[in-house]
Amino acid sequence: MPCKVSVIVPVYNAENTLAACLGNLVHQSLPEMELILVNDASTDGSLKILLDCERAFSDKVILVNLERNSGPGGARNAGLAYASGTYIGFVDSDDIPDTHMYEKLYQTAVDGGYDMVDGAYYDEEKDLLILQTGDNCCGILNGEKRSELVAGGGFLWSRIFHRDLLKGLSFRENIILEDLETLMLLFMRTQNLGRVRDIIYKHCASPGSASKVTAPIPYQNAILNAIKALASSILPLEQYSDIQDAVEYTIMHLYLCGVINVLHPDNKLEPSLQCAFLSELRKLRFQYVQQPYGQNKYAKQKFSDDDRQIIEQADAGEFYFNN
């Protein structure tokens, strides 16, 4: 039967969460789908769990075993090479998709002729039910809707994407925040966007997940690389002026996160390293943010007074004198 949805699952040292995730994936109510499980050179018992799953569900499981760790982005790239579905989905190996998730997303996509469909999810860490895509962002997309989507952000794992949207795209490898600019590019390529109001995914974000990496230097490098990747892939787009406020807000948010990371007392960065990171952040901020942040509607809506104070001090170079 033709494959309706391909679901790609990057797996790295996830033996404690993998069984629950895979259990709901192999029992999805949509029969015409494939699961592409990518072992990203795990060193724990993940591979055995994946091999057992492949043997038990050989009709729907494709196991890709990478010899070298390439991070979530590299694992997704490897999985995309095997995907044959009309729509593509992504799942994190420490999360739990509802067993009806892909039937609901796919049926909504077909009924509405949507390129992308988003669904509601439960964030276990925040104890919140979240529907990222609002009423104002559904249907045929224009500049205003795309701008709202970019400013709102979101995640790959709550959505499905028509395979044509992903042509020519790849994720950055061996780093976190690897999907930031890719999701923005997908927003720009999407013509018609739908959503499912039902809670279809549980985001667990276990302590060992890639998104929970807290070492200050790798995190800082990830922020710097994310800003550069975002600028190089999004700023040259013909429609950039439609989303400029949203993109500049996103860069400012990354800038704020970077400054807080550098100055956080628990991180104990050497003063010389603090100065180097702050200097690089400030350079990128002024290179890619053209509008004063006080005139950016998303910055005005989303930044707190404390956020604004930190940004103003960082812009003025005040934190250099504290080292």
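Which class does E280 count as at 22% relative accessibility: buried, partly exposed or exposed? E280 counts as partly exposed. The legends below come back to this residue. The model is predicted.

**Figure 1. Overview of the predicted protein.** The chain folds into 11 helices and 10 strands. A compact globule of 323 residues would have a radius of gyration near 20 Å, and the protein agrees with 20 Å. Along the principal axes, the C-alpha atoms fill a box of roughly 65 × 45 × 35 Å. Of the 323 residues, 51% count as buried. Contacts reach far along the chain: among those between residues at least 6 apart in sequence, 81% join residues at least 24 apart. The exposed surface is about 14,500 Å², with carbon and sulfur atoms supplying 50% of it. Side chains carry 28 positive and 43 negative charges, and the centres of the two sets lie 3 Å apart.

**Figure 2. Helix α6 within its surroundings.** Helix α6 spans residues 180–189. Eight of its 10 residues are buried, so the rest of the structure largely encloses the helix. The buried set runs E181, T182, L183, M184, L185, L186, F187 and M188. Their cover includes strands β6 (116–123) and β9 (159–162). Helices α5 (143–152), α7 (216–234) and α8 (240–263) also contribute.

**Figure 3. D135 and its two arginine partners, R195 and R197.** The structure holds 15 salt bridges. One of them pairs R195 with D135, with the closest N and O atoms 2.0 Å apart. R195 sits in strand β10 (residues 192–203) and D135 in the loop between β7 (128–130) and β8 (139–140), so the bridge ties together parts 60 residues apart in sequence. R195 is buried, at 15% relative accessible area. D135 is exposed, at 57%. A salt bridge also joins D135 to R197, where the closest N and O atoms are 3.1 Å apart. R197 lies in strand β10 too, so this pair ties together parts 62 residues apart. D135 and R197 are both exposed.

**Figure 4. The E280–K228 salt bridge.** The side chains of E280 and K228 meet at 3.5 Å, N to O. E280 belongs to helix α9 (residues 271–288) and K228 to helix α7. The two residues are 52 apart, and the pair links distant parts of the chain. E280 has 22% relative accessibility and counts as partly exposed. K228, at 35%, also counts as partly exposed.

**Figure 5. A salt-bridge network of K48, D52 and R55.** Salt bridges that share partners join K48, D52 and R55 into one network.

Technical notes
Residues are numbered from 1 along each chain as its sequence is written. This is a predicted model: local features need pLDDT of at least 70, side-chain atom pairs count only at pLDDT 80 or more; totals for chains, interfaces and linings use all residues. Side-chain values use heavy atoms; hydrogens and water are left out. Helices (H or I, at least four residues) and strands (E, at least two) are DSSP runs, numbered from the N terminus. The radius of gyration is taken over C-alpha atoms; the globule rule is 2.2 Å times the number of residues to the power 0.38. Buried means under 20% relative accessible area, exposed over 50%, partly exposed in between (1.4 Å probe, protein chains only). Contact means heavy atoms within 4.5 Å. Accessible areas come from the Shrake-Rupley method with a 1.4 Å probe; for residues, only the protein chains shown count as cover. Lys and Arg count as positive and Asp and Glu as negative; His and the chain ends are not counted. The place of a charge is taken as NZ of Lys, CZ of Arg, CG of Asp or CD of Glu. A salt bridge is a side-chain nitrogen of Lys or Arg within 4 Å of a carboxyl oxygen of Asp or Glu.
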